[in-house]
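Let's take a walk through this protein together, one region at a time. Please keep the model open beside the text and turn it as you read.

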Amino acid sequence: MKKMKALFRSSSSSSLSFTIMHRFLLKLSSSTNPLRNSKNQLHLILPRFLSSTTASESPPPPRTSHPSNRFISRSGYPYSADSFRKSRPFSSNSRALGVRCISSEAGRESIEYDVLIIGAGPAGLSAAIRLKQLCQEKNADLSVCVVEKGAEVGGHVISGNVFEPLALDELLPHWRQEQAPIEVAASSDKFWFLTKNRAISLPSPFDNKGNYVISLSQLVRWLGGKAEELGIEIYPGFSASEVLYDASDKVVGIATKDMGISKDGSKKETFQPGVDIKGRVTLFAEGCRGSLSEKIIKKYKLREEVNAQHQTYALGIKEVWEIDESKHNPGEVVHTLGWPLDPKTYGGSFLYHMNDRQVALGLVVALNYKNPFLNPYEEFQKLKHHPAIKRILEGGTVLQYGARTLNEGGFQSIPYPVFPGGAIIGCSAGFLNVPKIKGTHTAMKSGMLAAEAAFGALHEGLNMNTYWDTLRGSWVWKELYSARNYRPAFEYGLIPGLAVSAMEHYVLKGKVPFTLKHGKADHEATDLARKWKPIEYPKPDGVLSFDVPTSLYRSNTNHDHDQPSHLRLKDPKIPEKVNLPEYGAPESRYCPARVYEYVEDEEGKPKLQINAQNCLHCKACDIKDPKQNIEWTVPEGGGGPAYSVM
């Protein structure tokens, strides 16, 4: 207890380090902590800390339950960035709460852990949980920290999702008895080919027996609770904006983004410097097209290391509806090909019946489409008016809207995932199984394998390269290898793609002796505008189809308007001199949040306006811009969408 008292006397300028102390107090007061019933011990800690603060400071924020919301997972896990921003100064060199070291240099805090994980998604949390499990099994003590840019764990997570529990069975075998938000078993598989007015039933290539229709954002929130139970420190609301290297060019951690910078670059009264968070091993689990992961892949030439091809992507747009009970069939899974997309554009839709009269409806459009006038958002609005979809949605209500890009490169595009100082896991590397339309189970498994490699490196003196070896020997590798030719087969169009994929799936079972290559990179696939005619999309009716502002409201997207734009133009002249005249301003259409629009300047000339506050963090602009002129970087922590049932 003397060490604890000394710990709470010290102070510094970092709110993050205070939060570590704050979480410690919360752990002390939890029902599972042996100190909870010792009133004298807790009393000794609190007064000493409070007496070190100034009178002008407010008391530390209490930990409250999650605000009442019908769409929050029933675990109600109360992660919030507010406690970080409102907290008081505190620092220490103690290892309390798993922190190896806290120091202050040049106005910035530096906090060190054994393992640092960037991103609290399925891969990141699975890695963290597996690490702590190994610590328990081997009687080891490794500190683990997870940094998440969303204001809450799960807030930036969006997926279909028909969940395959294979990896979860390995990670947490008793999840069925632990109130996991996995309840609706897949009950049927339907596969439709859509024309404008018909839905033609085809033999379903999917086999979802044993899988579940879930909300991935809710599952991730539940995993966050499991991670904290194991002593893992999770810090939501902090954006990892920079990779830190040592003198030998080894990754040693990340720097979080400064808070309180105005649009003109000046410091506001609310300014808080970022924090250097370091790890002996750093795992990047940022999801598809992770901004720092991409920098590392390029810096260390990780694709070239294994002759991997470029990554290919798709944009997924999704709504969750509450429908009439008579139309609801929990567990029903529907996938479609065809309309509203043209035969040269790869993509399709999904309709999953969840619980509580909810259905998840989405459209996935491959980003190697050629027509610069194609608008994925408007194609999604058209989809809802198809007779087979309309009859289900009529009389219903939209609960939430969102969008995110996903990897489609598969086996051919997996980079070497290990670099000096860490590894890349999950969708940042790209383990989506395209024909299954599933990537959560493979992302989780990759995180678990990387955790085992990290534990071996730190505790047993092994090499992180064992991650690559075990990955290639795992069911993830076998699964992706057998599915490797499905996506590139559609480079030749819908009908040839269906023929090749059917042969692969039903006859050859993925054992064909060759591997197809991907076509052009997505940004290179965009044709010049003169080759196409503009598409006239119907106006939204406000019942089934909606304008972008209405959808954005349903995504709960929010950013501080007075901050530098996180969407950066490498050359500010390209939009007006190239994109608009040559490509017909495609950025005004491929973005599902209307971040980019052309307005008239003072001279009446068109000028690109970036509405960064609308950003859904989907990353489509970073991928599809014809000249790769847009760079997506992280905004202030806590900004972006706030998904709860996606």
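Start with L216, which is buried: its relative accessible area is 5%, and residues count as buried under 20%. This is a predicted model, so please read every value here as computed from it. You will find L216 in helix α7, which covers residues 216-229. What does L216 touch once its neighbours within four places in sequence are left aside? The contacts are P122, V157, S159, N161, T440 and M646. I158 is also worth locating: 58 residues separate I158 from L216 in sequence, yet their C-alpha atoms are 6.4 Å apart in space.

Two of those contacts of L216, P122 and T440, lead us to a pair of helices. P122 belongs to α5 and T440 to α12, and both take part in the contact between these helices. Two packed helices are described by the angle between their axes and the distance between the axes. For α5 (residues 122-138) and α12 (residues 440-459), the axes come within 7 Å and cross at roughly 40 degrees. The two helices are therefore oblique to each other, and the crossing is right-handed. On the α5 side, the contact is made by P122, A123, S126, A127, R130, L131, L134, C135 and K138. Facing them from α12 are T440, A443, M444, G447, M448, A451, E452, A454, F455 and H459. Sorted by class, the residues of this contact comprise 12 nonpolar, four polar and three charged.

Stay with α12 for a moment, since α12 also packs against helix α14 (residues 475-482). Here the angle is about 140 degrees and the axes are 10 Å apart. The crossing of α12 and α14 is left-handed. H441, T442 and K445 of α12 meet W475, V476 and E479 of α14. By class, that contact has two nonpolar, two polar and two charged residues.

Now turn to the strands. Seven of them form an open sheet with mixed pairing, and the order across the sheet is β7-β6-β16-β17-β18-β15-β19. Which strands stand at the edges? They are β7 (199-202) and β19 (397-407); each has a single partner strand, so one side of each is left without a neighbour in the sheet. From one strand to the next, the twist averages 20 degrees. A helix joins the picture as well: α17 (residues 548-555) packs on the sheet and touches β15 (313-322) and β19, with its direction at about 90 degrees to that of β19.

At the β7 edge, look at how β7 and β6 are linked. They form a hairpin with four residues between them. Strand β6 (residues 188-194) pairs with β7 in the antiparallel sense over four bridges. To trace this pairing on screen, find F193, whose bridge partner in β7 is I200. L194, in turn, stands opposite A199 in β7.

Finally, zoom out to the whole protein chain. The chain contains 20 helices and 25 strands. Of its 646 residues, 59% are buried, and L216, where we began, is buried too. How much of the contact in the chain links residues 24 or more positions apart? Among contacts with a separation of 6 or more, such residues account for 77%.

Notes:
Residues are numbered from 1 along each chain as its sequence is written. This is a predicted model: local features need pLDDT of at least 70, side-chain atom pairs count only at pLDDT 80 or more; totals for chains, interfaces and linings use all residues. Side-chain values use heavy atoms; hydrogens and water are left out. Axes are lines fitted to C-alpha atoms, for helices over the stretch in contact, and angles run from 0 to 180 degrees between N-to-C directions. Angles under 35 degrees count as roughly parallel, over 145 as roughly antiparallel, 65 to 115 as roughly perpendicular and the rest as oblique. A crossing is left-handed if the near helix is turned anticlockwise from the far one by less than a right angle, and right-handed if clockwise. Contact means heavy atoms within 4.5 Å. Ala, Val, Leu, Ile, Met, Phe, Trp, Tyr, Cys and Pro count as nonpolar, Asp, Glu, Lys and Arg as charged, and the others, Gly among them, as polar. Two strands pair if DSSP finds at least two bridges between them. Buried means under 20% relative accessible area, exposed over 50%, partly exposed in between (1.4 Å probe, protein chains only).
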